[in-house]
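User: Please take a close look at one part of this model, the helical part, and set out what its side chains do. Add what lies beside that part where the two share residues or a surface.

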Amino acid sequence: MLYLAQVQNQENLGEISLQLLACQNSDDTWAILSEESFLTLQKDFDRNQINSATNLLNEGILVLANVDENSQILHIQAATNWVLQLVDKYLTTGFTPDFLQQEAQKAEDWRQSLTLQSQELSRRLIEVEARREQIQNLEAKLQQEKQLLESSIDRLKISPATPPL
């Protein structure tokens with residue numbers, strides 16, 4: 001797992017540790033760690049696994065650390081290029097926190113509008129179904145009345161004509 005960390009030198013112990021600040025969830029999403037977490041570099045840590053200059057492990061430097069499931073640091077690299085890519089990708093194109101907040105509000109307003117439209121369509125569908133049922137009932141009534149009239153006409157044709165007085 002990839003972590004953004006800050007180098008912490010523990011001079012009294014002669015150790016270097018990394019304070020884990022955030023972890024990568026997926027390619028483009030990160031989560032800030034709520035609890036302080038530290039990983040200490042092992043004395044036998046292979047310095048060849050560290051990319052870039054030797055000052056990479058100076059106090060306060062931000063690094064990207066690849067850590068395995070046993071909390072062993074596999075690889076460390078400077079976070080400078082990564083941070084610059086973030087700035088270039090998100091902050092130079094006008095994606096300010098205010099802009100993102102406005103966009104989130106627009107999305108929420110849009111969602112609410114769609115919900116209202118969906119509810120209105122559902123209400124109209126219910127009305128159409130009720131009207132369709134009324135029309136079917138009227139058609140059935142008319143059919144019954146038609147049959148009643150036809151049977152009355154047939155009875156009148158069949159019954160002997162009554163002589164006029």
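The answer below goes through the salt bridges of one helix, then a surface patch and a pocket, and last a hairpin.

Analyst: The model is predicted, and the values here are computed from it. Helix α2 covers residues 97–158, and the account starts with its charged side chains. The count of salt bridges comes to six.

One of the pairs is R111 with E108, whose side chains meet at 2.6 Å, N to O. R111 and E108 are three residues apart in helix α2, so about one helical turn separates them. R111 is partly exposed, because its relative accessibility of 43% falls between the limits of 20% and 50%. E108, at 29% relative accessibility, is also counted as partly exposed.

Another salt bridge joins R124 to E120, with the closest N and O atoms 3.1 Å apart. Here the spacing in helix α2 is four residues, so R124 and E120 are again about one helical turn from each other. R124 has a relative accessibility of 47% and counts as partly exposed. E120 has a relative accessibility of 29% and is likewise partly exposed. This pair does not stand alone: E120, R123, R124 and E127 are linked in a network of salt bridges.

E129 and R132 form a further pair, their side chains meeting in a salt bridge at 3.0 Å, N to O. They are three residues apart in helix α2, which means that about one helical turn lies between E129 and R132. E129 is partly exposed at a relative accessible area of 37%, and R132 is partly exposed at 40% relative accessibility. In general, side chains of opposite charge can pair when their charged atoms come close.

The next topic is a nonpolar area of the surface. L62, V83, L86, V87, Y90, L91, F95 and L100 form a nonpolar patch there, with about 610 Å² of accessible area together. Helix α1, residues 80–91, gives the largest share of the patch, five residues. L91 is in helix α1, and L91 counts as exposed because its relative accessible area, 53%, is over 50%. L100 is also a member of the patch, and its number falls within residues 97–158 of helix α2. L62 belongs to the patch as well, and residue 62 begins strand β4.

Helix α1 also takes part in the largest pocket, which holds about 220 Å³ of space. The lining consists of L2, Q24, D27, D28, W30, W82, Q85, L86, K89 and Y90. The largest share of that lining, five residues, comes from α1. L86 and Y90 are among the lining residues, and L86 and Y90 are also among the residues of the nonpolar patch.

Strand β4, which was reached through L62, spans residues 62–67 and pairs with strand β5, residues 73–78, in the antiparallel sense over five bridges. V67 of the pair stands opposite I73 in β5. Five residues lie between the strands of this hairpin, and S71 takes a positive phi near 60°.

To draw the parts together: helix α2 carries the salt bridge of R111 and E108, that of R124 and E120 and that of E129 and R132. Helix α1 gives the largest share of the nonpolar patch and the largest share of the pocket lining.

Note on methods. Residues numbered from 1 in each chain as written. Predicted model: local features only at pLDDT ≥ 70, side-chain atom pairs only at ≥ 80, totals over all residues. Heavy atoms only, no water. Pairing = 2+ DSSP bridges. Helix = DSSP H or I, 4+ residues; strand = E, 2+ residues; numbered from the N terminus. Patch = residues over 30% accessible without salt bridge, like charges linked within 9 Å, V, L, I, M, F, W, Y side chains within 5 Å. Areas by Shrake-Rupley, 256 points an atom, 1.4 Å probe, with all protein chains shown as cover. Salt bridge = Lys/Arg side-chain N within 4 Å of Asp/Glu carboxyl O. Buried < 20%, exposed > 50% of the residue type's maximum accessible area, 1.4 Å probe, protein only. 1 Å grid on protein atoms, 1.4 Å probe; cavity = no way out; pocket = protein on both sides within 12 Å on 5 of 7 lines; lining within 4 Å. Points joined across faces, edges and corners; volume = space filled by probe spheres on them.
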